[in-house]
Every structure is written in C-alpha cells, then in structure tokens.
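Take a look at the protein below. We will walk through its pockets and then its cores.

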Amino acid sequence: MLRKIFTLFMLCILFTGCTAKEEQEQADVTLKVLAWNETVFNRQYGNFFLATHPNYTLEVISIIENIEPMTDITKIIEELLVKENPDVIAVPMESYVVLKDEGKLSSLTKPLQGANFDLAGFSPAIIDFLRDEQGELYGLTPVFTGQALYYNKSLFDQYGIAYPHDFMTWEEMFKLAGQFPAVNENNEPQYGLYHKDSPNPFMMALKVGESSGLSFNNSEHITLNTESWKRIFENVTDCFKTKVCYDPSRIKADDSMQKEALELRAYPFLRGDIAMALDESTLYRTLMSRSDEPGAKPLAWEWGMVTLPVSANNPHMGNGVYMNDIFAIPLEIKETKGALEFIQYICGENYAKLLPQINMTDLPARPNPDAMDEPLKSFYKLEQVNVTLINQLRKFPASFLPKIDDISQKHMEKIMSDQSTVRESLQSMEEELEQALRQSGN
C-alpha cells in the first residue's frame, strides 16, 4: 500500500513538474516576425494569435520602415533577414520566390505532416505555386487577391451574344469582345473589354503573355520577336485601334471625391457600358456590396463572372492570383516549434472561420464551400499560377527599367497609328531594348 502511495506521489510530482516546465517554456516563447507593417499585421493576425496563445509574445519588425524610394523590396527583406534574424516572415509572392530559389527558407512539408496539418482545403493553385519543383512546401498564406473575367449580362442579352465561359482562350475572349458595337443605340461609346492594365497596352500584352507561360526575358536576353508574342500584341493593339478596348486616356476624368465617382475610377466596369472586364476580386466585393449594403445604389444591370482566359497550351494555368502575405520560416532559426505553431494557426481552419469578419477585401486561401456563391468559385478553378513578370523585371539593372517604358511606348504608338506593323515594331523593340540593356551594364 505504501509502495502504491509512493508511486502515485512520485507520478504527481513528475507530472506537475513536466506541466509546470511546459507552461514555463510556453510562457517564455517570443517570436520575431518580419512583416510589411506592424499595425496592420497585429490587426489582421497578431492579436488573434495572442488571444488564443497567451503564453506567446510577438515582436514585429516593419519592412515599410526600412523602405526608401526606388529600393528593391526583396533586397531589403534579405538584408533584414540577416540583421534581425526573424523567426517568421510574411512576404509578397515575388520575394517568396526569390528566397525559396536561393535556399533561404525552411521546408514546411515534413513539420506540417508531423502535425497532421490539413492542406486539402486550400486552393490548388496556391499550393502549387508555393511548392518547388520537388514538391516541397516552403510557405503558406491565409488570403490572396484573385482576378476573374466579369461580364455584363444585360449587354450580352441586348445584342444576343453568348455569355463568356470558364477557361476561354485569350483569342476567344478578344473575338467575343469584338462582337459589340463601338456605340450604343444612343450613339454613345461602349466597349467590349476592359483590362486592369488598359492604361499601358504594352504591359497589358506582357500580362497576357505571362498568363500564357511566355517570357520576354530569356537567358538575360530580350525576346519579343516571336510568333507567340506577335499574336498577343496583334490582339491587344487591334482591340484599342478598333475602340473595342476601354481606353482610360480617352475618358474625361471626374475629380469628384464622392464614393460613387471613386468607385467608377477604380472599376470602370461599374459604368455599365463595358461588356467584359478583367479585374481583381476587390471588384467582386464592390459588386456584392451594391446588393448587400443598406443605402447602396444598386446596379441597373445584371453581371456574371468566369475564370480568367487561358492559353490553349496551358488550359488550367493563369496569372490571376496575388499573395501579399506568404508566411515562411527562415533557415537556421532557434524558435522553429513556435514559428510553426504560428503558421499553423494563421493558415488553419479556426482562423479561416474568422476571416469574413477580419478581412473584407482579400479572398480566403482556404475557402468555405458552404459560403461560396457561383461567381466566387471563379477565383478557385485554375490549378496553376504563373506570376513571373515582376521577378523578370527585377533582374534588370534599375537604370534599364525607364528605358523599357520609353522604347515600348514609342513603338506601341507606331502600331496604333499604323506607322509600322506589329512584326516590325516587335523586331525594333527587341533590338533597341537589347542595346539599351547592354548600355546599362547587364
């Protein structure tokens, strides 16, 4: 009997000691987090984590406080990794790609598997982007900004034109846009297509090429004079020449600061005279608010959404996803366990349930199937993401970037005014950009 009592007594001491030790270790956990802005980070992530993990302390290093004009954000982040030695980082996707490719991040694959963390609920395109070629996962995000093809059902019905559909090719979309008259029955301008990059047709063409898996910077050489790029530039420039594409430079600016005027400037699709618009998921939120918010001015026409257009060669790939906050763990940090606990919470199911009340702008990377309407599903149907343009541009010398604008604008104007063909202009652009790149010291 005494032996049993003694054994129970010792077990209690051991259990109490272990528990006290574990609580002490938890109480002492301090995580250094590198994020864009401390205030925004705490409001969106930190405060909610601390509410459920009271034994943690977060020290947030703001990237924005270390940014100066004309500085490369990724380089600043790399410098802060060395200087501050953070346990967790929250970085934009172009910086994530660089850090991953340079081997500066810890793989999360095995730690997440060991913690039985479920990845099945995430958008396939996001997980595909975050993995490397060997399938290793180096980061996670709870939210993203998507893009889709919005369309004005009322305009399509008026002209008896079939609605756009998911996974249209870019060629199909441009042809569809061209079916709309340039003026309506009141002789007022109307448009078949608006693209988020309409103010810069050259950039718009590069974005279409990016979505199709093309690159204009191959092996540190400019590559534009190809058949694939020719078709894209023909579609884009013809769209503006025939006034099918909405051209903001031709529209009289409204300087009003009223909410409705601000929304129209941000999202021209709301005007009602544009048949289709390639725009971000924030437009979806705005369209929904017109129906849901008390006192909001409702639209006088109906709208719908489908996926971004794709290329025939890559029918499930697009560039309509952007991630501002990819959470990752740098190599060789001390607090790996705490860092992983933080990422698991921020990217987990419980936090995802809070997102509709926390973040009314971005889309959840882990969507709730029961809360998705048909339009919202358009942001989740693509399986692969190809966002390479920004990192292509950052490889160039800083002095070369303004020359891209000058040379491209000159030749795009020649195409628009029929002073040269697309083929001639692409050849001239490629040659002049190559020369300017050599002069910039690349």
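Start with the second largest pocket of this predicted model. Its lining divides into twelve nonpolar, three polar and five charged residues. That makes 20 lining residues, and D72, I390, L393, R394 and L401 lie nearest the centre of this pocket. The space inside is about 630 Å³. Which helices supply at least two residues each to this lining? They are α3 (73-84), α4 (93-101), α9 (201-211), α16 (389-394) and α17 (401-416).

Now move to the largest pocket. Its volume is about 810 Å³. It is lined by 32 residues, and R285, P356, N359, P364 and L376 are the closest to its centre. Three elements, α11 (259-266), α12 (281-292) and α14 (349-358), give two or more residues to this lining. The largest share comes from α12, with seven residues. By class, the lining holds 14 nonpolar, seven polar and eleven charged residues.

Next, turn from empty space to packed side chains. In soluble globular proteins, nonpolar side chains tend to be buried together. Here, the largest nonpolar core has 81 residues. L140, F342 and F379 have the most contacts inside this core. Helix α13 (residues 336-346) gives the largest share of the core, six residues.

Pick out F342 and see what surrounds it. Beyond its neighbours within four places in sequence, F342 is in contact with L31, F41, F49, L58, V88 and F327. There is also a second, separate core. This one has 48 residues, among them A205, L224, L278 and M412.

Note on methods:
Residues are numbered from 1 along each chain as its sequence is written. This is a predicted model: local features need pLDDT of at least 70, side-chain atom pairs count only at pLDDT 80 or more; totals for chains, interfaces and linings use all residues. Side-chain values use heavy atoms; hydrogens and water are left out. On a 1 Å grid over the protein atoms alone, a cavity is a set of points where a 1.4 Å probe fits but cannot get out, and a pocket is an open set with protein on both sides within 12 Å along at least five of seven lines; lining residues have an atom within 4 Å of a point. Grid points are joined across faces, edges and corners, and a volume is the space filled by probe spheres set on the points. Helices (H or I, at least four residues) and strands (E, at least two) are DSSP runs, numbered from the N terminus. Ala, Val, Leu, Ile, Met, Phe, Trp, Tyr, Cys and Pro count as nonpolar, Asp, Glu, Lys and Arg as charged, and the others, Gly among them, as polar. A nonpolar core is a set of buried Ala, Val, Leu, Ile, Met, Phe, Trp, Tyr and Cys residues joined through side-chain atoms within 4.5 Å. Buried means under 20% relative accessible area, exposed over 50%, partly exposed in between (1.4 Å probe, protein chains only). Contact means heavy atoms within 4.5 Å.
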